[in-house]
Amino acid sequence: MTELPELPVTFRPTRTRAVLLAVGVVQCSVLVAIALLLPSATTAPGERVSFIATGLLFLGVLLLLARPRVTADDKGVTVVNLTTTRRLEWAEVLAVRLRAGDPWVALDLADGTSLPAMGIQPGIAKQQAISDAAALRALALEHGSGDPVR
């Protein structure tokens, strides 16, 4: 059985997050620099603003993509996906699944639904995602009432 991590614990795709944040900051900086370096005699003010706005928009989208995480504590799990946050009690989590080819972990819930947990995804760091999924599965088994091994 997988060793239980110390609670509270947060799982997130750290490598993917680092890449997204680095690319976002560099891209935004380049677009702002271009806007500031445009010759003022031939550039309309709206062009500078559009470069800066585009840089900030790209940065915002990449920050949104870097947001997912799964936080487990004594009382339950908080799943933060791109635009939603959901708090679950341990008894609500029946299974933690990460099958080959899945883009992220899925939590089978007591109400018969499944919740994607994008904070654990095998993209760049497959072994880390497998380890994180196993740890979350062990926590659900320890604290929950379901069969997290399904």
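**Note on the predicted model: two helices, two sheets and a third helix**

1. Strands E2 and E3 form a hairpin, with three residues between them. The model is a predicted one, in which local features need pLDDT of at least 70 and side-chain atom pairs count only at pLDDT 80 or more, while totals for chains, interfaces and linings use all residues. Residues are numbered from 1 along each chain as its sequence is written, and side-chain values use heavy atoms, with hydrogens and water left out. Helices (H or I, at least four residues) and strands (E, at least two) are DSSP runs, numbered from the N terminus.

2. On the hairpin itself, E2 (residues 69–72) and E3 (residues 76–80) run antiparallel and are joined by four bridges; two strands are taken to pair if DSSP finds at least two bridges between them. Within this pairing, Val-70 stands opposite Val-79 in E3, and Thr-71 stands opposite Thr-78 in E3.

3. The loop between E2 and E3 contains Lys-75, which at 62% relative accessibility counts as exposed (buried means under 20% relative accessible area, exposed over 50%, partly exposed in between, with a 1.4 Å probe and protein chains only). Leaving aside neighbours within four places in sequence, Lys-75 is in contact with Arg-87, Leu-88, Glu-89 and Trp-90, where contact means heavy atoms within 4.5 Å. For Glu-89, the C-alpha to C-alpha distance from Lys-75 is 6.0 Å, at a separation of 14 residues in sequence.

4. The hairpin belongs to an open sheet of four strands, ordered E1-E2-E3-E4 with antiparallel pairing. The edge strands here are E1 and E4 (85–89), each of which pairs on one side only, and the twist averages 15° from one strand to the next. Helix H3 packs on this sheet, touching E1, E2 and E3, and its direction makes about 140° with that of E1; axes are lines fitted to C-alpha atoms, for helices over the stretch in contact, and angles run from 0 to 180 degrees between N-to-C directions.

5. At the E1 edge, strand E1 (residues 9–11) is joined to E2 by three bridges, and the two run antiparallel; the bridge partner of Val-9 in E2 is Ala-72. In the segment before E1 lies Pro-8, and the peptide bond that joins Leu-7 and Pro-8 is cis, with omega about -5°, a detail for a reader to check in the coordinates.

6. A second open sheet has three strands in the order E5-E6-E7, also described by antiparallel pairing. Strands E5 (93–97) and E7 (114–117) are the edge strands, each pairing on one side only, and neighbouring strands are turned by 25° against each other on average, direction ignored. Helix H3 (residues 126–143) packs on this sheet too, touching E5 and E6, with its direction at about 165° to that of E5. Strand E6 (residues 105–109) pairs with E7 in the antiparallel sense over four bridges, and Leu-107 stands opposite Leu-115 in E7.

7. Turning to the helix pair, the axes of H1 (residues 14–37) and H2 (residues 45–65) come within 8 Å and cross at roughly 175°. H1 and H2 are therefore roughly antiparallel to each other (angles under 35 degrees count as roughly parallel, over 145 as roughly antiparallel, 65 to 115 as roughly perpendicular and the rest as oblique). Residues of H1 that meet H2 include Leu-20, Val-25, Cys-28, Leu-31 and Ile-34, and among their counterparts in H2 are Arg-48, Phe-51, Ile-52, Phe-58 and Leu-62. By class, this contact of H1 with H2 has 18 nonpolar, four polar and one charged residues, where Ala, Val, Leu, Ile, Met, Phe, Trp, Tyr, Cys and Pro count as nonpolar, Asp, Glu, Lys and Arg as charged, and the others, Gly among them, as polar.

8. For the chain as a whole, the secondary structure comes to three helices and seven strands, and the elements run β-α-α-β-β-β-β-β-β-α from the N terminus on. The radius of gyration is 20 Å, well over the 15 Å that the globule rule gives for 150 residues, so the chain is more spread out than a compact globule; this radius is taken over C-alpha atoms, and the rule is 2.2 Å times the number of residues to the power 0.38. Along the principal axes, the C-alpha atoms fill a box of roughly 70 × 30 × 30 Å.

9. Of the 150 residues, 37% count as buried. Among contacts between residues at least 6 apart in sequence, 50% join residues at least 24 apart.
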